[in-house]
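Dear colleague,

I am handing over the structure below. What I found in it follows underneath, grouped by region.

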Amino acid sequence: HGKTKIPENNYAISIHDLGKLIDYEHYLLGILQNFSNALQQRVDAIEYYLNMTEYEEERKLPDDPFRAFRITRRLHSDYLNWMWLMEQQPWETLVKHITAIAPQMPTSKDIEEASSGLRLIQWTYSLPTAQMARGVLQSIHHNTSLDAMQCLTMARHMVNHKDFSRAKEWLMEGLKMHEADEENEFYYSQLGTPLADFYELFVRILDELGTRFLAMTELQLAIKNWPEEVSLQRAHSRLKMNIRIGKEPAKTEKKTQGAYRNCCSTECRPTAKLHCLYNTTASHFLRLAPLKMELLSLDPYVVLFHDVVSDQDILSIRNLAKGGLARAVTVTQDGNDKEDPARTTKGTWLVENSKLIQRLSQLSQDMTNFDVRDADPFQVLNYGIGGFYGTHFDFLEDTEMGHFSDRIATAVFYLSDVPQGGATTFPDLGLSVFPEKGAALLWYNLDHKGVGDNRTAHSACPTIVGSRWVMTKWINEREQLFRRPCLTSI
Ligand SMILES: O=C(O)CCC(=O)C(=O)O
Ligand SMILES: [Fe+2]
């Protein structure tokens, strides 16, 4: 029999798949509402009975015959009915409904990835914590925000990632919200985040930041307020020990990635003015239907094509991909696939050979003037919460596969607009492209000798708002013998 394996839904790395959680929550809230109704019915009946029997009345001997009769009758039978009611727990079936969908609920890994998404958004776009907590992202007010519990989760996450100053900011936001809501402490305790937990973490953060004596003062105050809290007592003895042995506070490392963060935040274009033109030369076809092409860099070659995929085709492509989204992986040195925290997106390969795919292949061929008959299939990707692809190369050079046939060029088709964030960025080129539904970005990964060009390092910046869909095509060297006669290595 054994346990059934908990499925890995990986919700946080695909906004599209996260949509399933909306249905689950709706279902759960329905159960909770039924539970509430059932309870309410009972409460009403009990209150009615208490009123009827004049519970609040003065106690005196039942000297009138009706009172004497009434109390005898009540205590002969009513009490049994109440006992029966107290024993009945019709919500046990509700609990079973919840148990049945429990395996589909997000896991702690999902929470970690969702928090990481927010952390990356905050870091990449330098968003102030107080604004973020209130739903202000890049000066845009969204009708959404985080509550005290969610700020606490963010603070914990920042502590785990050793960013103690951010942790402190998140915790202060959480504390403020919690204290403003003090009369609902029962609700917070019920959900496992009593005020004491906020203080416990607060003290730990102050300690890590090297402000240990401030931490001690705060802690003593908190203990005065919640003398029964074991967690505070534990924190107290830990802190005393740290003071006694003079434990070094943690050092937070500073990461700086100027160009990457700049070009994620605002569109970057290399200084030299390049041109927009209609590409009519790549194939015979293009003489009749030219592509709107924007030259972004000559060396390495990077171009952006506008309006190459129709809304209709985009809908079809996304529908083909929707059912099969799975965590996208990266290739290691020895040619194996591995799960990579620097690639938080789900993807699927379009392997069938439909009319649509043939049309898209022809389009890729027209755009690139490369033979794509044997290229990798199209890969459709949907990014998650703060979903990104860290700076990487598409060429495989030193890997097993790379020796055989390297990825000479990459095309990225944008299958959605992205309201905020989500640029494709080339930090070394000072170049970034913000997604525009229907456009396609194309670049060469190899130099004229067929060697990987390090300047083509690129990334997908974290998506802030939106469900980011792209489709990529990696084009291989192998088939290009006659199309790139100038390759000096051949
Ligand atoms: O999503 C993007 O903008 C880039 C994707 C990418 O670099 C890749 O899939 O290799
Ligand atoms: Fe890439």
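**The E4–E5 hairpin and what follows**

Met293 stands opposite Phe305 in E5. This is a predicted model, and the pairing just named belongs to strand E4 (residues 291-297) and strand E5 (residues 302-306), which run antiparallel and are joined by five bridges. The link between E4 and E5 is a hairpin of four residues. Pro300 lies in that loop between E4 and E5, and the peptide bond joining Asp299 and Pro300 is cis, with omega about 0°.

Past E5, the loop leading to helix H14 (311-322) holds Asp307. Asp307 has a positive phi of about 50°, although it is not a glycine. With 12 other C-beta atoms within 10 Å, Asp307 is exposed.

**Overall make-up**

The chain has 16 helices and 19 strands. It runs to 490 residues, of which 32% count as buried. Taking contacts between residues at least 6 apart in sequence, 73% join residues at least 24 apart.

**Nonpolar core**

Which residues touch the most other members of the largest nonpolar core? They are Ala155, Leu171, Phe305, Phe413, Ala440 and Leu442, out of 97 residues in that core. Helix H9 (residues 195-208) gives the largest share of this core, with nine residues.

Two residues on that list also turn up together elsewhere. Leu442 touches Phe305, along with Val303, Met367, Thr368, Ala409 and Ala411, when residues up to four places away in sequence are not counted. Phe305 is also the residue that Met293 faces across the hairpin strands.

**E6, E9 and E10**

Strand E6 (residues 326-327) and strand E9 (residues 345-350) run antiparallel and are joined by two bridges. Arg327 has Lys346 in E9 as its bridge partner. E9 also pairs with E10, again in the antiparallel sense, over six bridges. In that pairing, Gly347 is matched with Leu381 in E10.

The loop between helix H15 (355-368) and strand E10 (378-383) contains Asn369. Asn369 is not a glycine, yet it has a positive phi of about 65°. Asn369 counts as partly exposed, with 15 other C-beta atoms within 10 Å.

**The four-stranded sheet**

Four strands make up an open sheet, in the order E11-E17-E14-E15, with antiparallel pairing. Strand E11 (389-392) and strand E15 (431-433) are at the edges and have a single partner strand each, so one side of each is left without a neighbour in the sheet. On average, neighbouring strands of this sheet are turned by 10° against each other, direction ignored.

E11 and E17 run antiparallel and are joined by two bridges. His392 stands opposite His458 in E17.

**Asn445**

Asn445 sits in the loop between strand E16 (440-444) and E17. Is this loop residue buried or exposed? Asn445 is buried, with 24 other C-beta atoms within 10 Å. Leaving aside neighbours within four places in sequence, the contacts of Asn445 include Phe393, Asp394 and Phe395, then Arg407, Ile408, Ala409 and Thr410, and also Gly452, Asp453 and Thr456. Ala409 is one of the residues that Leu442 touches as well. The C-alpha atoms of Asn445 and Val302 are separated by 9.5 Å, while the two residues are 143 residues apart along the chain.

**Ligand 1**

What surrounds ligand 1? The shell consists of Tyr389, Asp394, Val412, Thr424, His458, Ala460, Val470 and Thr472. Strand E17 (458-460) and strand E19 (469-476) each supply at least two residues of this shell. By type, the shell residues divide into four nonpolar, three polar and one charged.

Some of these residues have been named above. His458 of the shell is the residue opposite His392 in the E11 and E17 pairing. Asp394 of the shell is among the contacts of Asn445.

Regards

Key:
Residues numbered from 1 in each chain as written. Chains lettered and ligands numbered in written order. Predicted model: local features only at pLDDT ≥ 70, side-chain atom pairs only at ≥ 80, totals over all residues. Core = buried A, V, L, I, M, F, W, Y, C linked by C-beta atoms within 7 Å. Buried ≥ 20, exposed ≤ 12 C-beta atoms within 10 Å, placed from the backbone. Contact = placed C-beta atoms within 7 Å. Near = placed C-beta within 6 Å. Nonpolar A, V, L, I, M, F, W, Y, C, P; charged D, E, K, R; others polar. Pairing = 2+ DSSP bridges. Axes fitted to C-alpha atoms, helices over the stretch in contact; angles between N-to-C directions.
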